[in-house]
Amino acid sequence: MAQPALAYLDAASAAPLHPAARTVIESLLGDAWVDPAKLYAPARRERLLLDRSREAVAAIVGARTEEVAFVASGTEACHLGVTGVLAGRRRAGGTFVHSTIEHSAVLHAAQAHEAAGGTTVPVPVDRLGNVDVEAFAKAVGGGGVAAAALISASHEVGTVQDVASAAAACADARVPLIVDAAQSLGHADVPAGWSVLTGSARKWGGPAGVGLLVVRSGVRYEPPRLPAAEPSLMLVAAAAAALIAAHDAAAAEDARLRPLVDRIRATVAATVPDVEIVGDAEKRLPHLVTFSCLYVDGEALLHGLDRAGFAVSSGSSCTSDTLRPSHVLEAMGVLSHGNVRVSLHRETTEADVDRFLAVLPDLVARLREEAGVTGL
Amino acid sequence: MTPDEVLDCLGQRCPLPVIALARALPGLPVGGLLRVLADDPAAASDIPAWCRLRGQEFVGASRTDEGAPAFDVRRTG
């Protein structure tokens, strides 16, 4: 039997390169090797293009051009954003408040802060992955808080966070709010009120190797002593083009993908016994859903789906290089084994989703039978 | 709290400890307490999640004298 063509359903890790980004890369490939720091005309043209890219991105995120910087990855943007504000605000205090469902890049920066003698206050989420905004507000108002972080929407379960309330609490307490918007940019609006915004180009259809770091003027941000490397102009310009395109199409894509995810949530619940569909059904990103299948080995499930022609991700410990379960699923108190995360993108068709839904129940049943747990 | 039965799942990778729990608990009388020893990192959140999905009571987590993670489950029905 012929191997089915692969349906790539892991946009939350990386989305396919947008044609607008490809066009920019192809057109600049021959010229963008010039060092933009020089005085001569080709260098000045590059700098102009870089400035235009920053302007375009600034307009979309609601910032000023000079507040926008491009770094080497979304992870680096989180590291720099958190570390830079904690350093700049050290006279205000040594406490860093953050949700328990931040991206691991933010959590690693928090751990580094603790290792250096700082304090962190993790704020819990409920079963659906919504941060406890009252606890968040209480924590940021606690005095001695250097910064707070709240992810705009969960990269693992899709639940959209109440950033507006968190931002209001931070404004009252005069604490800068860092918002990792990697999963929202290009898909959904991010509420105003953040002091630092981070993003990752490949999640919006830009190339890998470009992170976004936006720091409002007036925020006490201390850049690293040795400056971070900037990505090449070619990649930055491509990232900007992809964000413009994604932003323009966001409302239409929401209308197209949201019902497909609704269909996945409803159908998986109806056709797979003992499955926990995770995350807020309404207050969610349009394109992402995750579910956990009781008694099923996550790695075996991913391999089975791969053989059936589906590229998906998982929060199960056996599929992680740390061999720990997803901290997000842990924080929510939901089942983590047998976990599959599906995230759709511009090229996903209804037929892809239908085929996934047709394949999944039999695969799970077969894996359960092989493990001897049918009917357990 | 002394358990009625101890299930040693040390060294077992997820989802085996939860499967073992699901197989063993019906063998206890209602009200009986089962202690699962499991060092799999997922056990700490998956055992309480299983209890919630199956309507059983997650009593609590502790460590044995040897330092092994232990999870107590009471059969409710």
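Just over half of chain A is tucked away: 54% of its 376 residues count as buried. That figure, like everything here, comes from a predicted model. The accessible surface of the chain adds up to about 15800 Å², and carbon and sulfur atoms own 55% of that area.

As for overall dimensions, the C-alpha trace of chain A stretches over about 70 × 55 × 35 Å along its principal axes. The radius of gyration is 21 Å, which agrees with the value near 21 Å that a compact globule of 376 residues would have. Secondary structure in chain A amounts to 10 helices and 12 strands. Contacts reach well along the sequence, too: taking those in chain A between residues at least 6 apart, 71% link residues at least 24 apart.

Charges come next. Chain A carries 32 positive and 42 negative ones, and the mean positions of the two sets lie 7 Å from each other.

Turning to cysteines, a search through the whole structure, all chains included, comes up with zero disulfides. B:Cys9 is accordingly unpaired, its nearest cysteine sulfur being that of B:Cys14, 12 Å away. B:Cys9 is also buried, since its relative accessibility is just 1%, under the 20% cut-off. B:Cys51 tells a similar story: the closest cysteine sulfur to its own sits in B:Cys9, and at 13 Å that is too far for a bond, given that a disulfide needs the two sulfur atoms within 2.5 Å. With a relative accessibility of 1%, B:Cys51 counts as buried as well.

How values were computed: Residues are numbered from 1 along each chain as its sequence is written. Chains are lettered from A and ligands numbered from 1 in the order in which they are written. This is a predicted model: local features need pLDDT of at least 70, side-chain atom pairs count only at pLDDT 80 or more; totals for chains, interfaces and linings use all residues. Side-chain values use heavy atoms; hydrogens and water are left out. Buried means under 20% relative accessible area, exposed over 50%, partly exposed in between (1.4 Å probe, protein chains only). Helices (H or I, at least four residues) and strands (E, at least two) are DSSP runs, numbered from the N terminus. The radius of gyration is taken over C-alpha atoms; the globule rule is 2.2 Å times the number of residues to the power 0.38. Contact means heavy atoms within 4.5 Å. Accessible areas come from the Shrake-Rupley method with a 1.4 Å probe; for residues, only the protein chains shown count as cover. Lys and Arg count as positive and Asp and Glu as negative; His and the chain ends are not counted. The place of a charge is taken as NZ of Lys, CZ of Arg, CG of Asp or CD of Glu.
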